[in-house]
Amino acid sequence: MPFELREYQERIQLTKRRMLDEGLEVLLITDPANMNYLTGYDGWSFYVDQMVVVIIDEEQPLWIGRKMDGNGAKATTWLHHENLVTYTDDYVHSNVKHPMDFVAKTLEELDQSTRHIGVEMGAYYFTALAFESLKRNLPDAKWKDATLLVNRVRMVKSNQEILYMKNAARLVELGMQKAVDTISEGVRECDVVADIYSSLISGTPEFGGDYPAIVPMLPSGEHTCTPHLTWSDKRYRNNDLVIIEIAGCYKRYHCPMARTVSVGTQDERVRDIGKVVVEGLDETLAFVKPGVTCEEVEEVWRKSIARHGIMKDSRLGYSIGLNYPPDWGEHTASVRQGDQTILQPNMTFHLIPGIWYHDFGIEISESIRVTESGSEVLANFSRKLIDAKGVSMMGNDAV
């Protein structure tokens with residue numbers, strides 16, 4: 001198990017306290033990260049219906065999933081085997097019945113069919129069809145949205161979780177260095193990504209990496225004006241900018257990082273925007289500490305870039321940690337105007353001060369931990385606009 005049994009049990013108790021606050025007696029969890037967080041379950045089975053059921057007056061949760069994944073639950077969870085409940089394969093992708101029919105029957109057999117039940121309405125892998133099946137089969141249940149209940153429990157990390165994120169930071173350093181070393185005129189984007197993946201997964205002699213929740217994003221040239229493009233088999237050209245956004249992942253814990261690389265020289269405008277991004281990020285990192293809000297953190301960044309006549313209309317960052325595809329964010333706190341989340345020690349964030357114009361963009365990001373008195377940058381990599389040979393284009397490195 002990645003964590004001691006005691007830590008899993010503490011997570012269950014924290015979840016139950018939030019359930020009581022919300023008036024919930026049963027919680028149906030379909031977010032794979034939340035399932036992992038509470039039980040340890042770790043398998044690529046989230047493409048079919050599965051869930052963890054937390055019952056307020058039962059000591060252990062239930063894991064409910066496909067029969068062929070039952071042994072995976074035995075291998076990766078701390079639950080008693082009698083708490084692992086499986087449905088037969090004829091439920092999978094059927095047009096005559098649904099796995100939630102089986103879940104509803106299980107809840108009915110356990111006398112849970114009339115209770116106050118929370119569901120993760122916003123989870124990627126909880127469909128409208130799944131909810132309709134539950135409501136049809138459990139007409140006397142009282143339903144409530146509990147989308148972020150467990151996500152909010154996850155926000156403050158244990159020391160063991162922080163250790164895993166620091167391992168992920170070592171992995172992202174390797175992947176980013178490989179990208180910087182590989183990118184040059186005439187090299188194909190796909191070959192750079194292959195090298196990045198090799199570094200992220202091979203890792204160090206002490207530990208290897210997991211698959212990240214998001215694939216490498218590598219827009220280049222004019223496509224750097226948008227942040228979420230991946231790669232193709234085209235070759236880099238002289239004077240291309242390349243944005244690299246990747247994450248190291250260890251035991252499902254992530255450390256994302258973005259850097260911008262230049263193939264050849266760039267004009268003064270690009271270099272100046274790079275300086276603005278780094279300056280704003282440095283000032284923001286110096287401000288982060290327990291007790292301030294996400295909104296206050298964003299305000300430091302916004303005022304910093306405003307001195308140069310620049311504004312950014314997207315959020316500055318978001319909480320990160322444990323996750324599965326398609327996202328490494330926790331979907332709770334966002335570093336933006338209006339978010340009153342108060343920072344606490346061992347919260348972790350990805351600060352990504354990207355600035356995008358119609359013809360180019362710059363991203364230079366950091367993943368951080370909130371400490372007792374400030375913040376700690378998890379990865380150690382040149383915080384600069386970098387040329388394709390790994391040499392800073394803007395003076396001495398910031399870290």
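Let's start with helix H10, residues 294–306, and strand E11, residues 348–351: each of them supplies at least two residues to the lining of the largest cavity. This is a predicted model, by the way, so please hear everything I say as computed from it. The full lining of that cavity is Val288, Cys294, Val297, Val335, Leu343, Phe349, Leu351 and Ile368. By class that makes eight nonpolar residues, with no polar and no charged ones. The volume is about 30 Å³, and a search of the whole structure turns up one cavity of 30 Å³ or more.

How far can we trust the model? The average pLDDT for the chain is 95, and 97% of the residues score at least 70. Please keep an eye on residues 392–396, though, where pLDDT stays under 50. For that stretch the model has 16 contacts beyond four places in sequence.

Now for the cores. As you know, nonpolar side chains in soluble globular proteins tend to be buried together. Here the largest nonpolar core has 67 residues. If you'd like to find its best-connected members, look for Leu27, Ile29, Trp63, Ile183, Ile196, Leu218 and Ile244, which have the most contacts inside it. Which helix gives the most to this core? That would be helix H7, residues 159–182, with nine residues. Apart from this core lies another, of 30 residues, and Leu285, Ala333, Val335 and Val370 are among them. You may remember Val335 from the cavity lining a moment ago.

Let me zoom in on Ile196. Setting aside neighbours within four places in sequence, Ile196 touches Gly175, Lys178 and Ala179, and also Pro216, Leu218, Ile244 and Ile246. Two of those partners, Leu218 and Ile244, were on my list of residues with the most contacts inside the largest core.

Next, Val276, which sits in helix H9, residues 268–287. Is Val276 buried or exposed? Its relative accessible area is 7%, so Val276 counts as buried. Beyond its close sequence neighbours, that is, those within four places, Val276 is in contact with Trp301, Ile305, His308 and Ile310. Of these, Trp301 and Ile305 fall within the range of helix H10, where we began. And one distance for the same region: Val276 and Arg307 are 31 residues apart in sequence, while their C-alpha atoms are 9.3 Å apart in space.

Thr30 is a loop residue, between strand E1, residues 26–29, and helix H2, residues 32–39. Despite the loop position, Thr30 is buried because its relative accessible area is 3%, under the 20% cut-off. What does Thr30 contact, leaving out neighbours within four places in sequence? The partners are Met35, Gln50, Met51, Glu120, Ala123, Tyr125 and Phe126.

Last topic, the pockets. The largest one holds about 290 Å³ of space. It is lined by 14 residues, and those nearest its centre are His228, Glu245, Arg315, Tyr318 and Ile352. The lining divides into seven nonpolar, two polar and five charged residues.

The second largest pocket has a volume of about 190 Å³. Its lining has 15 residues, with Tyr47, Val48, Asp49, His93 and His98 lying nearest the centre. By class, you get nine nonpolar, four polar and two charged residues there.

That's my tour, and thanks for listening!

Methods:
Residues are numbered from 1 along each chain as its sequence is written. This is a predicted model: local features need pLDDT of at least 70, side-chain atom pairs count only at pLDDT 80 or more; totals for chains, interfaces and linings use all residues. Side-chain values use heavy atoms; hydrogens and water are left out. pLDDT is the predictor's confidence in each residue, from 0 to 100. Contact means heavy atoms within 4.5 Å. A nonpolar core is a set of buried Ala, Val, Leu, Ile, Met, Phe, Trp, Tyr and Cys residues joined through side-chain atoms within 4.5 Å. Buried means under 20% relative accessible area, exposed over 50%, partly exposed in between (1.4 Å probe, protein chains only). Helices (H or I, at least four residues) and strands (E, at least two) are DSSP runs, numbered from the N terminus. On a 1 Å grid over the protein atoms alone, a cavity is a set of points where a 1.4 Å probe fits but cannot get out, and a pocket is an open set with protein on both sides within 12 Å along at least five of seven lines; lining residues have an atom within 4 Å of a point. Grid points are joined across faces, edges and corners, and a volume is the space filled by probe spheres set on the points. Ala, Val, Leu, Ile, Met, Phe, Trp, Tyr, Cys and Pro count as nonpolar, Asp, Glu, Lys and Arg as charged, and the others, Gly among them, as polar.
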